[in-house]
Amino acid sequence: APRTRRDLVAVLTEETATFAPDVVHAHHPHYVGSVAIEAARAAGLPAVYEVRCFNGDYDADRRNPYARARGAWFNRLELRAARQADAVVTISDGLTRRLVTGGVAGRRVHVVRNSVDTTRFTPAPARDVDVLHVGYATTFEAIENLDLLVEGAARAVERGARLRVTIAGTGRDWERVRRLVAERDMAGVIALPGFVPYVDMPALYADLDLFVVVRHAATVAHDTTPLKPLEALASGVPVLATDLPALRELFTDRPGARLFRPDPDVLADLLVAAAASPPARVNAGIDDRSWSHEVGRYRDVYAAAGADLVQQ
């Protein structure tokens, strides 16, 4: 196995010679992307770098000054790799602005947005709602702000709302969230089923009446648009989401989605109202965010990368 950066570049250069691709397409973080870009240069191939978030942002809000400095350094390396690529792909307008502000030529930045397999995720039939089923699916990390969902649901139940809540997923914050559910005496209301395989996600959405995104204003969540709420909308499930720039970009003018201020009492009020009058299924469709529609944009990215390499 490669032990040094030079070894990895040599291996990737050898692989490009074996497979003879037309373009090298690398995914962030920078320690993957920069090596792939160097290998592409050695092979005389155009290099595309995909930035779906800035990994250093995960450290940006930490108290430890070393961690914050590490995050800032990671992001500088991310931008350096993006500047070296012939074309850069990202998923949101917010991330595009950050790349351009960081010195990446605007003509090199292309947006291919998070999208949904609309043949797999289709509107489920309407349900007879006796107990409102609220759900979220995510990686259990601090940025997801799951405390807000637990507390908002607890306060809604205290106000008489008939709810059951499913928070699917795993991650470093799972055990802490489980303890919080127990402390709020919500184990009979809030289910934590753990990881749900992708093949089973349509059935999960079909059983929901409302999908709630409770991210808070962490730096990494500011411009990074999530995927799961789009799958929920494609499945006909209305969405409540906290009012952050990335979520505003994702949901503005989209039927079935509503933004709210990330406050447990605000969320509790919304859940009480939804339990009393369950929201209708979404039937507007999201064909504009289907992968069959969006993935074709990569052809333009690859063509632009090749043209830019010729001009250098």
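# Notebook: helices, sheets and two odd spots

**Entry 1: α2 and α4.** I began with a helix pair, and found that α2 packs against helix α4 (residues 65-84) at an angle of about 25°, the two axes being 9 Å apart. Angles under 35 degrees count as roughly parallel, so α2 is roughly parallel to α4. I noted the hand too: α2 passes α4 in a left-handed crossing. On the α2 side I listed H30, Y31, S34, I37 and R41, and on the α4 side F74, L77, E78, A81 and Q84. Sorted by class, the contact of α2 with α4 holds five nonpolar, three polar and two charged residues. A reminder to myself before going on: this is a predicted model.

**Entry 2: the whole protein.** Next I stepped back for an overview. I counted 14 helices and ten strands in the protein. Its radius of gyration is 22 Å, close to the 20 Å that the globule rule gives for 312 residues, so the protein is as compact as a globular protein of that length. Along the principal axes, the C-alpha atoms fill a box of roughly 65 × 45 × 35 Å.

**Entry 3: the sheet of four strands.** I then turned to the strands. In which order do the four strands of this open sheet stand? I read β1-β2-β3-β4, with parallel pairing. At the edges I found β1 (24-27) and β4 (109-111), each of which pairs on one side only. From one strand to the next, the twist averages 25°. I looked closer at one pair: β1 and strand β2 (residues 47-51) run in the parallel sense and share four bridges. There, A26 has Y49 in β2 as its bridge partner. Helix α5 (residues 93-101) packs on this sheet and touches β2, β3 (87-90) and β4; its direction makes about 175° with that of β4.

**Entry 4: a cis peptide bond.** Most residues other than glycine have a negative phi, and most peptide bonds are trans. With that in mind I looked for exceptions. One is the peptide bond joining H28 and P29, which is cis, with omega about 15°. Where does P29 sit? I found P29 in the loop between β1 and α2 (30-43).

**Entry 5: a positive phi.** My other exception is D185, a residue other than glycine whose phi is positive, near 55°. I placed D185 in the loop between α7 and β7.

**Entry 6: the sheet of six strands.** This open sheet has the order β7-β6-β5-β8-β9-β10, and its pairing is parallel. Why do β7 (190-194) and β10 (257-260) each have one side without a neighbour in the sheet? They stand at the edges, each with a single partner strand, so one side of each is left free of a neighbour. The twist averages 25° from one strand to the next here. I also checked a pair away from those edges: strand β5 (residues 132-137) and strand β8 (residues 210-213) pair in the parallel sense over two bridges. Opposite V134 I saw L210 in β8. Then came the helix lying across this sheet: α6 crosses over β5, β6 (163-168), β7, β8, β9 (239-242) and β10, and runs at about 170° to β6.

**Entry 7: α6 and α7.** I stayed with α6 and looked at its helix contacts. The axes of α6 and helix α7 (residues 174-183) come within 10 Å and cross at roughly 15°. The two helices are therefore roughly parallel to each other. The crossing of α6 past α7 is right-handed. From α6 I noted L146, D147 and V150, which meet R176, V177, L180 and V181 in α7. That contact of α6 with α7 divides into five nonpolar, no polar and two charged residues.

**Entry 8: α6 and α12.** Last, I followed α6 (residues 146-158) to helix α12 (residues 264-276): their axes come within 8 Å and cross at roughly 55°. This makes α6 oblique to α12. The crossing of α6 and α12 is right-handed. In α6 I listed L148, L149, E151, G152, A153, R155 and A156, which meet P264, D265, L267, A268, L271 and V272 in α12. By class, the contact of α6 with α12 comes to nine nonpolar, one polar and three charged residues.

Methods: Residues are numbered from 1 along each chain as its sequence is written. This is a predicted model: local features need pLDDT of at least 70, side-chain atom pairs count only at pLDDT 80 or more; totals for chains, interfaces and linings use all residues. Side-chain values use heavy atoms; hydrogens and water are left out. Axes are lines fitted to C-alpha atoms, for helices over the stretch in contact, and angles run from 0 to 180 degrees between N-to-C directions. Angles under 35 degrees count as roughly parallel, over 145 as roughly antiparallel, 65 to 115 as roughly perpendicular and the rest as oblique. A crossing is left-handed if the near helix is turned anticlockwise from the far one by less than a right angle, and right-handed if clockwise. Contact means heavy atoms within 4.5 Å. Ala, Val, Leu, Ile, Met, Phe, Trp, Tyr, Cys and Pro count as nonpolar, Asp, Glu, Lys and Arg as charged, and the others, Gly among them, as polar. Two strands pair if DSSP finds at least two bridges between them. The radius of gyration is taken over C-alpha atoms; the globule rule is 2.2 Å times the number of residues to the power 0.38.
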